[in-house]
Structures are given as C-alpha cells and as structure tokens.
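Visitor: I am new to this structure. Please take one loop, look at it closely, and then work outward to whatever it leads to.

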Amino acid sequence: MATTANSRTANGKFADMSKETVEVNGQQHMTTDSGMKISDPDHWLRVANKSNTGPTLLEDQIAREKIMRFDHERIPERVVHARGTGAFGTFKLFESAEDVTTAGVLTDTSRTTPLFLRFSTVQGSKGSADTVRDVRGFAVKMYTDEGNWDIVGNNIPVFFIQDAIKFPDVIHSVKPEPHNEVPQGQSAHNNFWDFQYLHSETTHMNQWIMSDRAIPRSFRMMQGFGVNTYSLINAQGKRHFVKFHFTPELGVHSLVWDEALKICGQDPDFHRKDLMDAIEAGHYPRWKFGLQLIPEEKKDNFDFDPLDATKVWPEELVPIRYIGELELNRNVDEFFPQTEQVAFCTSHIVPGIDFSDDPLLQGRNFSYFDTQISRLGPNWEELPINRPVCPYLSLVNRDGAMKHRITKGTVNYWPNRFDANPPAAPAQGGFASYPEPQHGFKARALSDKFKEHYQQAQTFYNSLSQIEKMHVAKAFSFELDHCVDPVVYKRMSERLAAINLDLARTVAQNVGGDPPTKALKENQGQKARGLSQLEYQPETPTIATRRIAILIADGFDYPSYTTIKETLQAHGAFVFTIGAQRQGVKAESGQSVVPDHHFSGMRSSLFDAVFVPGGQHVAAALAKNGVAKFWITESFAHLKAIAGINEAVPFIERQIGLAEVKVASSGTAATDSYGVVTGHGDPAATLKVANVGPEAKGLAERFIWN
Ligand code: HDE
C-alpha cells in the first residue's frame, strides 16, 4: 500500500497533547512526584546497625510515595470491551454531504480532522487473548472543529438486543459464569446460549458471530459499522436517518478457527502487534467512510423498522454513499494515558448530527457517559486524550475529583450580570435538537416490526458462500459442544431450523441435539449484497504487511533464499527467517544467516505464507525437524500459500501428502496447485507464478480464504 503524505504533522491533536508529554531521555535526573531529585532509588531507609540489618523506617517519604503510587496503579477496566488497542489518524472528506447535513466534518472537504480509533473485543477482560471468537469494537473519536464526535461502532452491523434495558443481561450471559468465573473471553458456554435461545431477537446477530467476521485476521481487515441509527440535519432543517460505514482498503479477511484458537496461546497480542507493526512500517490502514441515508418521510416504507439495531438496511434498498476516508498513521506513545483512558460517548455529536428514537441508542447515550465516571472520575473529559481541540469552556460544569483546568473569572452560573460566555444561537454554531413532533402515552413497548426476528438471519445465511456456511455450522458445533446442559444445546440447535434445516440438522447431529425434521420458518432463499465477506476484496491485492516465513537449514541455497526474501521485502511483506537455532545457519555456498526465530519459538499459525528455498541438504535437514515438517502440513490445512524451490519441492510434497498437489516434481516449470507454488531452477520464475507484486493475483488471492 502506498504511503501518501498525510497530516501527521498537521494533526492538531498531537500539538494539543504535547503540552502534557515528557520523555524518558536519559538526561534528566529522576525526581519524586513533587520534583525533588532522588539520590538512591534502590534502598529503603533503615537503621544501619553493624551488619545493616536494622529495622526499616516508615519515615522514608521516597519509598512510601513509590509504594503508594504502585498500590493505586489500577483503575476499573471497561465493563465491556476491556481488551483493546488504539491508534491516531485522520479523516478526510472527498465529497461534501451538505445536501443532508450542516456538520463541518461532513461538508468541508478542505479539512483534515484528527482522530483516535480504539479496536476491542467485547467479552474478555483486559488481559484476555486477541483472537477469540467475538464482535470487535470499532470506536472512533473525531476531534472536529465543532467538538468531539464519537462513532462507537463494531465490526458487525447488527446487535444482539433491541432494547438497552437488556444489555446487562446479554453481557452477564456471555461473561464468565458467576459461580466460578469460567470461561474467559468465550461465548462457548451454557449461559450465553441459554440467553440467545430465550431471546429470538438475537438470531440475526448470532449468525454473524458464528461466521468468520468474529475471527478477523487483522483489525486492519475488518469493516466498521455505527450500528445504531442517527440523524443528519441539513441547512433547511430536513432530517435523514443515517447509518455509518467504514470499509477497509485491504478487504475483509479472517483467520480460520483452528488458527484463531492456536494464536490465542501462541501470541495473545497478535492483533495489537499487527496494527502497531503496520503503522510503524508506514503501511497506514485506510477505510472508506460511507453513509446509508433514509429520508425521514420514508422511514415506514420498509418491512423492518430502520430504528431496530438487530436489522441491516439492505444495500439494494439503501445504497452506501462513500464520502470520505479514514487513515490510521501514528501509534500511541503510552498505552495507559491514551488507549486506556480514552473514553467514548455515543452522545458526543456535533451540530448537523442528531440522535434517533432507536431504543438501543437512547440507552447507550446514558450508559457511556455514566460508565466513564466510575472508570475515570467526573473530570474524564479533561484528560489529554479526551479533550477537544476546538476552543471549549463550560461556565457551570466545575470542580469534582482531579479537576485539572483553571477557569478564571468571578461567575460560574448563567445568566450572569456580565453576560459572560453566552450560549451560541444555531446560526452561530450552537446545537439545536431536531424538533421532532411527539405524541403518545408511556408504555414499555416496541413497534410491531421489531417482532420479526428471522428474515434477515436467513438472508445473511443464504448470502454466504459454501465455505462460509460450512464455517458457520462448525462454529455452532464448537460452541454448543462446550455447553454441557442438554436443555441448552438441544433447543438452540433446534432453533437453527428457523434459518436453514440442513444447518440445524448438521449442528444437532454434531452436538447431541435432536436433528429437526421440519423448518421452523420456511426459507425462501432470499439473498442480499454486502453480507458475504468475500465481496470485500482489495481493489489492488497486496502482499504488504503479510507475514511470510522462510524455513532454512544447513545446506540451503543462498541465491534462492535472498531472491525470495528481497523480492518479498521490496513489496512490503514482513519476512522472517526460521531455523533450528538463532545461530548462524550455513548455506551451501558458505554464507551464514542468523534466523530471526528458531523452530520452537514460532508456529506456522503466526504467518500468512511459507517459503522453503532449495539446497543440497535442506530437505533432509528439515525432514529431521518435527516442527518444520508440521509447519508445512499445518500451513496447508490453514489454506495458506506455500512455496518451494528445487530440492525443497519433494519435502513440501511429502508433508502435504496429497497426490493432487504433486505439481512440479519433474521438468523446470513452476506451477501453482491448491496454493502450493513449486518451481525448479530460477526462483524468479517461481515468484512470477506466485505473482508477488502490486498486481499480485496468485499469492495474494490465497488470502481470501483466511
Ligand atoms: Fe457498548 N458499551 N453498549 N455497544 N461499546 C461500552 O462504555 C452499552 C453497544 C461499544 O473502545 C461501555 O466506555 C449499552 C452496541 C464499543 O472504549 C458501556 C449497550 C455497540 C465499546 C457500554 C451497548 C457497542 C463499548 C463500557 C446497549 C456497537 C468500547 C466502556 C444499549 C455499535 C469503547 C465504555 C472503547 C463500550 C454500554 C451496545 C460498541 C458500558 C448499554 C450496539 C466499541 O457504556
């Protein structure tokens, strides 16, 4: 991916935070928090008797401060989305949406708006693994000229429940069970599936989370959705309902389940490292930003309610209008004050944007504001990561724990005799709520269209490719297998007959349910665009940032090793050499290469592809190493690109063990069979077949299955 000039330097948020930023630079002496220089940080003050074994003195203010600060380092983790990572970036419009909104951030194409984006998983605690099966959070804070605008979205466009009052129930059901705090970061347990069965409104969402969307290959390769319905208001006061979309330039790609499970143990930080490494290397991830718009008067024209967050707005009916681009281009300097203390609020909007009566959004607007108080205290909006970059001043919101800002002047109320800090009229940029007429009576009720729960779940399933459908069946089978209460797995597998009878029967068979014989709801086979992730392929497939392992052993062929490595690196791939030890490995022609990792330190699951260069003794040497052999077998099972040259070819063929992959054992041709690219002679010819390059087809396209 090309790295364009971006606004790193012009980013107003960096200038803002720099006021609070200090650096560990080796020059400045260490001090206490009150600024006094410390001469001995290693010993607690004590009575020095003959052998220096006297009592420790509580009077040591330096030691007390250090221990006391350590004792209080923790703050409550987020009650959901505790595990996450973030980065800074920018938002640029390429088309003004002034026909539907007055918001500067969506109309002024000359602006570069700074932002912070935090990705997360939902269920696990702060120290859980990145690659669990879960929804991913996609929370964007834009520091606009009119105040902060937060889109607190997910990588799945729908949600489990329709009414915010059910949120504590759905989250309790998925979190570790109350009696034993088991399992961590997993939905595969009785309580979750019990809740899902008892709330048929979750049926659509649980199709999505059992699909490959819930095990992304990278945060950079997922979509982001605002999920809830907001409003846009234009200069004439006209309202459109809106859903926000972020579509990744790299396409949408997932792990396979076996990989995801293994990576949880092999590298629990896999996703956060992937994001940081790409940004560090200058491969800035980008997303197109789009709007789906429904004019207010057309709200009732659909067979679903556009304010129901368990439904998508089918793109055939409401196309996405892409108007901007989001780019992430800088890692955080320190995790806690930035990623941990960033606090999002669905209620943070700017003039030109407003809410809707989406009952989930209304509850969220209360919850996010409230939760920040227990996590960060009442002055959380003053923290450097949270404060706006535009001028801001609240005359009345004062005091409270950890007040930071100093507001000069003699009045703290409005109106005041000085007319100090008057409100802004809408024409001066003041926010005015959309004057929606209201009539009715109080009731605990949702509209009738909210009662239909299966149609879009069927459409989602019908729209998947065969492979994706198979993954859904396997995911349900895994999850319900982990439920030990027959009530749970029996009735949940039966419920699947409301989606697809074959799916229900397969899952019931696998998990011990009673295979249903009749559909619970007839499936008419309706499909829709934008649901199968295979539709989201990059316009230009790229190998940049893909992790490629090169396996070597004594006697490897140096020229083919270097040709392959250099070509891949020239196209931005992250290449790692793996050998028996991190000690010099001798090439046939005498050169010595120190591998980046040794075989016991890494596993194939952590890489996207593997190459084995040729060499007289390489096959025999690798064949003696169990990890090297399994590397190839496992890579093939995980549908990864595998390539080998000359003497490496029979080694690869043997590990795969399938006759039909026997592709290039004779002649000089280079061939690609089932993603296994093998060649004889010239390594460049093999790379050509693998089609490594900006226009790459072969190797890069292999990744669509991952
Ligand atoms: Fe959240 N959610 N949520 N949520 N959510 C939180 O706020 C809540 C929902 C989402 O990176 C909490 O600051 C309620 C939908 C993300 O810091 C809390 C309801 C969507 C993040 C909260 C929902 C989300 C949160 C916990 C049902 C997708 C992480 C910590 C009405 C559109 C933000 C915090 C970050 C976090 C409440 C449903 C996404 C408790 C009551 C739907 C990405 O306020």
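Guide: M402 is found in the loop between α9 and α10, in what is a predicted model. The backbone at M402 has a positive phi of about 60°, although M402 is not a glycine. Most residues other than glycine have a negative phi. As for its surroundings, M402 has 11 other C-beta atoms within 10 Å, and because a residue with 12 or fewer counts as exposed, M402 is exposed.

P415 has its place in the loop between α9 and α10 as well. The bond between W414 and P415 is a cis peptide bond, with omega at about -5°. Most peptide bonds are trans. The loop thus offers two backbone details to look for: the positive phi of M402 and the cis bond that joins W414 and P415. The helix named at the other end of this loop, α10, covers residues 455-463.

Going back along the chain from the loop leads to α9, residues 359-376. What does α9 give to the shell around the ligand? It supplies six residues, the most of any contributor. Helix α9 is listed with β2 (112-121), β3 (136-144) and β4 (147-154), each of which supplies at least two residues of that shell. In total, 26 residues surround the ligand, and R78, H81, G137, A164 and V227 are the closest. By type, the shell divides into 13 nonpolar residues, ten polar and three charged.

One residue of α9 also appears in a record. Y368 is found in this helix, and UniProt, in an unreviewed entry, lists Y368 under "binding site". Is Y368 buried, exposed or partly exposed? It has 18 C-beta neighbours inside 10 Å; a buried residue needs 20 or more and an exposed one has 12 or fewer, so Y368 counts as partly exposed. Leaving out residues up to four places away in sequence, Y368 touches V152, F344, C345, T346 and S347.

The same two kinds of backbone detail can be looked for in another loop, the one between α3 and α4. E181 has its place there, and P183 lies there too. E181 is not a glycine, yet its phi is positive, at about 55°. With 10 C-beta neighbours inside 10 Å, E181 counts as exposed. A cis peptide bond joins V182 and P183, and its omega is about 0°.

Helix α3, at one end of that loop, spans residues 167-174, and V170, S173 and V174 are buried in it. Seen down the axis of α3, these buried residues fall within an arc of 95°, so they line one face of the helix. An α-helix has 3.6 residues a turn, so residues three or four places apart point the same way. What covers the buried residues of α3 includes α4, residues 190-198.

A further loop, between α5 (203-209) and β5 (224-225), holds M222. M222 is buried, with 28 other C-beta atoms within 10 Å. Among the residues M222 touches, leaving aside those up to four places away in sequence, are R136, N155, P216, P248 and V252. M222 and N155 are 67 residues apart along the chain, but their C-alpha atoms are separated by 6.2 Å.

These parts can be placed in the whole. UniProt, in an unreviewed entry, places the feature "domain: Catalase core" at residues 31-422. That span is 20% helix and 20% strand, and its end C-alpha atoms lie 44 Å apart. The secondary structure of the protein chain comes to 19 helices and 19 strands. Of its 706 residues, 44% count as buried. Among contacts between residues at least 6 apart in sequence, 72% join residues at least 24 apart. The C-alpha atoms fill a box of roughly 90 × 85 × 55 Å, taken along the principal axes. The radius of gyration of the protein chain is 29 Å, which agrees with the value near 27 Å for a compact globule with 706 residues.

Conventions: Residues are numbered from 1 along each chain as its sequence is written. This is a predicted model: local features need pLDDT of at least 70, side-chain atom pairs count only at pLDDT 80 or more; totals for chains, interfaces and linings use all residues. A residue is near a molecule or strand if its C-beta atom, placed from the backbone, lies within 6 Å of it. Helices (H or I, at least four residues) and strands (E, at least two) are DSSP runs, numbered from the N terminus. Ala, Val, Leu, Ile, Met, Phe, Trp, Tyr, Cys and Pro count as nonpolar, Asp, Glu, Lys and Arg as charged, and the others, Gly among them, as polar. UniProt positions are given in the numbering used here, feature names are shortened, and annotations may be inferred rather than shown by experiment. Two residues are in contact if their C-beta atoms, placed from the backbone, lie within 7 Å. The radius of gyration is taken over C-alpha atoms; the globule rule is 2.2 Å times the number of residues to the power 0.38. The arc is that of the directions from the helix axis to the C-beta atoms.
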